[in-house]
Amino acid sequence: EIAGVTMMDLIIQQPSQLASFARLLADRHICLHRVRAPDGLHPLHALLQGKIERSAHVTRAERNAVLGALADMPGGTMLCHGDFHPGNLLMTSHGPVIIDWPDAASGPPMADVARTSLLFAGHIALSAGNPDAQAPMKRYRDIYLECRLAAPDGDREEVQRWRPILAAARLSEGIDEQQDWLRQQVRRVL
């Protein structure tokens, strides 16, 4: 077992360091995406296709449109975490350690960035009634995206094309409080 505290906990404890934490998250994501996925790791496209096909929360038309969009997206062989966010970055005495790898896959880095962006956007949407909570989340997300997309492989347009696909896959995860918001994201592909 690795001893440490999550970046999320540190953000709560040290809100004045929010910008540096966002830059560190982006840096760790850049480093992760420089690693070729190990042999035998499932392709991201196949994992997403399975989740989308199993989701009871998308209509047949939405499913067909999203699967068509997925088929048009680039593949890749780089390591993708699949659930990269500040709660899954453990800050240890030896430096940051990425935890919680069950959704890891071989794929294109911008799909992984889109998933992280989608996670942030979902939490921001849920906090719409609380501007005091929403503003720091938006700032954190914006700094993370600015830094991550500034890397040579950064592609904002590709991230946007991945979002409805990843929203459809996330609908299979049973996140009830985000269901309506995720369905709105899926409909963008129609």
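Trainee: Why does D100 count as partly exposed?

Mentor: This is a predicted model, and the value is computed from it. D100 has 36% relative accessibility. Buried needs under 20%, and exposed needs over 50%. The value of 36% falls in between, so D100 counts as partly exposed.

Trainee: Where is D100 found?

Mentor: D100 sits in the loop between β4 (95–98) and β5 (105–107).

Trainee: What is the phi of D100, and is the value positive or negative?

Mentor: Phi is near 65°, a positive value, and D100 is not a glycine. Most residues other than glycine have a negative phi.

Trainee: Now the helices. What makes α3 oblique to α7?

Mentor: The angle. The axes of α3 (residues 44–54) and α7 (residues 156–170) cross at roughly 55° and come within 8 Å. Roughly parallel takes an angle under 35 degrees, and roughly perpendicular takes 65 to 115. The crossing angle fits neither range, so α3 is oblique to α7.

Trainee: Which residues make that contact?

Mentor: From α3 come H45, L48, K51 and I52. They meet W162, I165, L166, A168 and A169 of α7. By class, this contact of α3 with α7 has 7 nonpolar, 1 polar and 1 charged residues.

Trainee: Why is α3 called roughly antiparallel to α4?

Mentor: Helix α4 covers residues 60–72, and α3 packs on α4 at about 175°, with the axes 10 Å apart. Over 145 degrees counts as roughly antiparallel. The angle passes that mark, so the label holds.

Trainee: Which residues meet there?

Mentor: H45, L48, Q49, I52 and E53 of α3 meet R63, V66, L67 and L70 of α4. That contact divides into 5 nonpolar, 2 polar and 2 charged residues.

Trainee: How do you know that E53 is partly exposed?

Mentor: E53 has 42% relative accessibility. The band runs between 20% and 50%. The value lies inside that band, so E53 counts as partly exposed. E53 lies in helix α3. Setting aside neighbours within four places in sequence, E53 is in contact with R63 and L67.

Trainee: How far apart are E53 and G107?

Mentor: They are 54 residues apart in sequence and 19 Å apart in space, C-alpha to C-alpha.

Trainee: What makes R115 buried?

Mentor: R115 has 6% relative accessibility. The cut-off for buried is under 20%. The value is below the cut-off, so R115 counts as buried. R115 is found in helix α5.

Trainee: What does R115 touch?

Mentor: Not counting residues up to four places away in sequence, R115 touches G82, D83, L166, R170 and E173.

Trainee: How do you know that Y144 is buried?

Mentor: The relative accessibility of Y144 is 0%. Buried means under 20%, so Y144 qualifies. Y144 is placed in helix α6. Beyond residues up to four places away in sequence, Y144 touches A22, L25, A26, H29, V113, T116 and F120. Y144 and V113 are 31 residues apart in sequence, and 9.7 Å apart in space, C-alpha to C-alpha.

Trainee: How many aromatic pairs are there?

Mentor: The count comes to 2 aromatic pairs. F120 and Y140 form an edge-to-face pair, 5.5 Å centre to centre with 85° between the planes. Pairing needs centres within 6.5 Å, and edge-to-face needs planes over 60 degrees apart. Both values of this pair meet those cut-offs. F120 is in α5 (residues 109–126) and Y140 is in α6 (residues 131–149), 20 residues apart. Both rings belong to buried residues.

Trainee: What makes F120 and Y144 edge-to-face?

Mentor: The planes of F120 and Y144 are 80° apart, and the centres are 5.6 Å apart. Over 60 degrees is edge-to-face. This pair also links distant parts of the chain, F120 in α5 and Y144 in α6, 24 residues apart. F120 and Y144 are both buried.

Trainee: Which residues do the ring pairs link into a cluster?

Mentor: F120, Y140 and Y144.

Trainee: Which residues have the most contacts inside the largest nonpolar core?

Mentor: M7, L25, L48, Y140, Y144, W162 and I165, in a core of 47 residues. Take Y140: among its contacts beyond four places in sequence are M7, L18, L25 and F120. In soluble globular proteins, nonpolar side chains tend to be buried together.

Key:
Residues numbered from 1 in each chain as written. Predicted model: local features only at pLDDT ≥ 70, side-chain atom pairs only at ≥ 80, totals over all residues. Heavy atoms only, no water. Core = buried A, V, L, I, M, F, W, Y, C linked by side-chain atoms within 4.5 Å. Buried < 20%, exposed > 50% of the residue type's maximum accessible area, 1.4 Å probe, protein only. Contact = heavy atoms within 4.5 Å. Axes fitted to C-alpha atoms, helices over the stretch in contact; angles between N-to-C directions. Helix = DSSP H or I, 4+ residues; strand = E, 2+ residues; numbered from the N terminus. Nonpolar A, V, L, I, M, F, W, Y, C, P; charged D, E, K, R; others polar. Phe/Tyr/Trp six-rings, centres within 6.5 Å; stacked < 30°, edge-to-face > 60°.
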